[in-house]
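Welcome, and thanks for taking a look at this one. Below is a short tour of the fold, the charged pairs and the surface patches.

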Amino acid sequence: MGWSSIIIPGSGEPNFDTWVANPFETAKQRREKEVRSLLDKLPPETIMLNPSKIGTVRPFSKKEKPSKKERESEMEAAIADVKDAPMKKKTKGRSKPSKVANKKQEGIVRAKRPFLDEQMKEEEAIAKKKQKLAEEAELPKSLQRFARKQAT
């Protein structure tokens, strides 16, 4: 005898009736939403960029540091470059074989210096770590937390 229509409240809403705001979100969108929700929980005064870190280069990690053989080969290459460098002919008395040999020796020392400085820094760091461990080992484990921190 005809048809009748019924009005159902909420049936025309475009949103899905789920607990998730966007059921079709990608993994990247989900991560971004999580970060935003965590940042919303923090007070705005605590959120800031460290201007000294922007534009800086990340230091070498332990895995990225060159090995001893690589450092030695770099040093040998630098020394070979200095030895092969042509020497200019100078005026009277300045191109004597002894002066040329001295200049080459100075060049070799200058080429070695950065590598030796780096090696000394590493050895000092290792010595400091060993000293720190030795100081901590002197006290029993139960008393180590009461030990005074020394300013270094």
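In which helix do Arg36 and Glu32 lie, and how many residues apart are they? Both belong to helix H1, with a spacing of four residues, about one turn of the helix. Before going further, please keep in mind that this is a predicted model.

**Overall layout**

The chain holds three helices and zero strands. Reading from the N terminus, its elements follow the order α-α-α. Of its 152 residues, 3% count as buried.

**Salt bridges**

The count of salt bridges in this model comes to four. The table lists pairs from among them, with the separation of the closest N and O atoms and the relative accessible area of each partner.

| Pair | Closest N and O atoms | Relative accessible area |
|---|---|---|
| Glu25 and Lys33 | 3.3 Å | Glu25 15%, Lys33 40% |
| Arg36 and Glu32 | 3.7 Å | Arg36 54%, Glu32 42% |
| Glu106 and Arg110 | 4.0 Å | Glu106 48%, Arg110 60% |

Let us start with Glu25, which sits in the segment before helix H1 (27-41). Is Glu25 buried or exposed? Glu25 is buried, because its relative accessible area is 15% and the cut-off for being buried is under 20%. Its partner Lys33 is partly exposed, with a value of 40%. Besides forming a salt bridge, the side chains of Glu25 and Lys33 are joined by a polar contact of 3.3 Å.

Now back to the pair from the opening question. Arg36 and Glu32 form a salt bridge in which the closest N and O atoms are 3.7 Å apart. Arg36 is exposed, since its relative accessible area of 54% lies above the cut-off of over 50%. Glu32, at 42%, is partly exposed.

A pair with four-residue spacing also turns up in helix H3, where Glu106 and Arg110 lie about one turn of the helix apart. Here the closest N and O atoms of the salt bridge are separated by 4.0 Å. Glu106 is partly exposed, with a relative accessible area of 48%, while Arg110 counts as exposed at 60%.

**Surface patches**

Which residues form the positive surface patch? They are Lys88, Lys90, Arg94, Lys96, Lys99 and Lys103. One of these, Lys96, is found in the loop between helix H2 (68-84) and helix H3 (97-138). Lys96 has a relative accessible area of 46%, so it is classed as partly exposed. That value also fits the patch rule, because patch members need over 30% relative accessible area.

There is a nonpolar patch on the surface as well, formed by Val35, Leu39, Leu42 and Ile47. Together these residues have about 320 Å² of accessible area. Leu39 is a member that lies in helix H1, the helix that also carries Arg36 and Glu32. Why can Leu39 count as partly exposed? Its relative accessible area is 40%, and partly exposed residues fall between the buried limit of under 20% and the exposed limit of over 50%.

**Putting it together**

Helix H1 is a handy place to begin when you explore the view: it holds the Arg36 and Glu32 pair as well as Leu39 of the nonpolar patch. From there you can move to the loop before helix H3, where Lys96 is found, and then on to Glu106 and Arg110 within helix H3.

Terms used. Residues are numbered from 1 along each chain as its sequence is written. This is a predicted model: local features need pLDDT of at least 70, side-chain atom pairs count only at pLDDT 80 or more; totals for chains, interfaces and linings use all residues. Side-chain values use heavy atoms; hydrogens and water are left out. Patches are made of residues with over 30% relative accessible area and no salt bridge: like charges are joined within 9 Å, nonpolar side chains (Val, Leu, Ile, Met, Phe, Trp, Tyr) within 5 Å. Accessible areas come from the Shrake-Rupley method with a 1.4 Å probe; for residues, only the protein chains shown count as cover. A salt bridge is a side-chain nitrogen of Lys or Arg within 4 Å of a carboxyl oxygen of Asp or Glu. Lys and Arg count as positive and Asp and Glu as negative; His and the chain ends are not counted. The place of a charge is taken as NZ of Lys, CZ of Arg, CG of Asp or CD of Glu. Helices (H or I, at least four residues) and strands (E, at least two) are DSSP runs, numbered from the N terminus. Buried means under 20% relative accessible area, exposed over 50%, partly exposed in between (1.4 Å probe, protein chains only). A polar contact is a pair of N or O atoms within 3.5 Å; within protein, one must be able to donate a hydrogen and the other to accept it, and residues adjacent in sequence count only if both atoms are side-chain atoms.
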